[in-house]
Amino acid sequence: MKKAFFLAFLFISCTNVSSKKKEDILQKLRSANRYEGSLIGGFAQKSELYEDAEELMSLCSDSEILMLLNDKCPVVKCYAAKFIQDRNIEADWYNILLKQAEDYTGVQDFSFCIISECYAGDFVLNSLFSKKLTESEQNKLKLELIKNQSKLNFANSILLSQDMSDELYAATREWALRGNANAIFSLAKYKKDEDLQLIDSLKDKDIDLFFKACQYNTRESLKPFLEEYMRSIMPKEHFYNEWVSFYKLLADYHDDFTKKIFDMAFFDKVTYNIREYHLKDIYYAIKDSHDGFYDDYLKILWTKYNLVDEEIIDYFLLTDKEFALEGLKTALLNSSEYHFLFYEETLDYIIKTAYKNKIDLTEYFARAIREDGLSTFEVYMNNMDCVQAGNKEIVAAMKARLEKESAPYIISLLTKYLEN
């Protein structure tokens, strides 16, 4: 009898301690002014708040954590959604998430060094939508969000996606008629003539969305407007994000009109220090076109403007090897001038491809060792097996660089090579 009493007392005591601990952590989360991921800050430090939330959720039963999903504090709600993700909880998830989709409470999300603002409803849907709903439930909830003209970013992502159905179209059009730019854009993928006037209204609402919408239907009637737009941006002294979509739309026409407008990007009337942005956008618009129509532009962009990647190199090695080999040499001569996203990887590929094609790399390595900055210099040093070990010209270039170099890392790379 005494033993049974002791065990009951111990159970009650532990339960009280656990409840007290849960309540203390819960109050700490409720007093927080933001949701924190597991790692925060530029040095990826562990978040104490996240660890507290993790402990709280581990102490909660399934029913308790579901209750936290309805907490008035958005930080608590977000942590509940985060830790519910991988818990196998049987519940009416469709109606739970439908209710959460109405939560427009703002919350800060701090992960690594990025702090962003979002709705609590967005956080919950992004965490649980694909994990807890069947495909048919997902489609049903998407339709409800569009019917309700939800303010969530999740609803905008549906409009900007490739999701299509008759019911979704009808709901989207209702929203478009009320002037929502994303809804108007979403109509474009259905390619219905009755929506063209609405789509044209995007010119004044969101020119970037207009160009993207028109990619679904490259109408001849748009050409005068596109030429006028090109003339208007040629003297601009700043670049604009919508140029990416503009040049992509032009590339989709794939005709003489396209080339006429592309040629204008090379004119003197284009602001000189902005021209690189025009040409980079043209490059991205045509880089995957391998039917020969844009070959002249791809060649110019490679050899004169240092715009190339592995796929373009391989494409020309197959279709015009003589040009490709000269292009590789030009790229190696100009590697110090390249300012191209992920160029270090491309340069590494250029060096290895040139070596594979028996191009003598001595002069290119010597020049790079004497002149290049750290990012490309390091690529050459990592490929020293592509030149003869102990080559006098290479050694002389290294010694010349050492005489003027002040960067410790570069000095160490050169010294290490010369000592071996």
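These exercises, with worked solutions, explore a predicted model.

**Exercise 1. The core**

Task: Find which residues touch the most other members of the largest nonpolar core, and which helix gives the most to this core.

Solution:
- Start with the core itself. It has 132 residues.
- Pick out the best-connected members. Tyr79, Phe246, Tyr247, Ile286 and Leu361 touch the most other members.
- Now turn to helices. Helix H4, residues 74-84, gives the most to this core, with eight residues.
- Take Leu361 as a case. Set aside its neighbours within four places in sequence. Leu361 then contacts Leu332, Ile351, Ala354, Tyr355, Cys386 and Val387.

**Exercise 2. Helix H13**

Task: Decide whether helix H13 is largely enclosed, and find what its buried residues pack against.

Solution:
- Count buried residues. Buried means under 20% relative accessible area. Seven of the eight residues of H13 (207-214) are buried, so the helix is largely enclosed by the rest of the structure.
- Name them. They are Ile207, Asp208, Leu209, Phe210, Phe211, Ala213 and Cys214.
- Look for partners. These buried residues pack against helices H10, H11, H12, H14 and H15.
- Check the N-terminal end. Asp206 caps it. A side-chain oxygen of Asp206 lies 3.2 Å from the backbone nitrogen of Asp208.

**Exercise 3. Helix H6**

Task: Compare the span of helix H6 with the expected value, then locate its kink.

Solution:
- Take the span. H6 (residues 120-132) has 13 residues and reaches 17 Å from its first C-alpha to its last.
- Compare. The expected value is 18 Å at 1.5 Å a residue, and the span is close to it.
- Find the kink. It is about 30° and is centred on Asn126.
- Add burial. In H6, 10 of the 13 residues are buried, so this helix is largely enclosed by the rest of the structure. Among them are Phe123, Leu125 and Phe129.

**Exercise 4. Salt bridges**

Task: For the salt bridges Lys28 to Asp52 and Lys352 to Asp348, state the distance and the place of each partner in the chain.

Solution:
- Recall the principle. Side chains of opposite charge can pair when their charged atoms come close.
- Get the total. The whole structure has 26 salt bridges.
- Do Lys28 and Asp52. The N to O distance is 2.6 Å. The pair links distant parts of the chain: Lys28 sits in helix H1 and Asp52 in helix H2, 24 residues apart.
- Check exposure. Lys28 is partly exposed at 39%, whereas Asp52 is buried at 15%.
- Do Lys352 and Asp348. Their closest N and O atoms are 2.8 Å apart. Both belong to helix H21; being four residues apart, they are separated by about one helical turn.

How values were computed: Residues are numbered from 1 along each chain as its sequence is written. This is a predicted model: local features need pLDDT of at least 70, side-chain atom pairs count only at pLDDT 80 or more; totals for chains, interfaces and linings use all residues. Side-chain values use heavy atoms; hydrogens and water are left out. A nonpolar core is a set of buried Ala, Val, Leu, Ile, Met, Phe, Trp, Tyr and Cys residues joined through side-chain atoms within 4.5 Å. Buried means under 20% relative accessible area, exposed over 50%, partly exposed in between (1.4 Å probe, protein chains only). Helices (H or I, at least four residues) and strands (E, at least two) are DSSP runs, numbered from the N terminus. Contact means heavy atoms within 4.5 Å. A polar contact is a pair of N or O atoms within 3.5 Å; within protein, one must be able to donate a hydrogen and the other to accept it, and residues adjacent in sequence count only if both atoms are side-chain atoms. The expected span of a helix is 1.5 Å times one less than its number of residues. The bend at a residue is the angle between axes fitted to the seven residues ending there and the seven starting there. A salt bridge is a side-chain nitrogen of Lys or Arg within 4 Å of a carboxyl oxygen of Asp or Glu.
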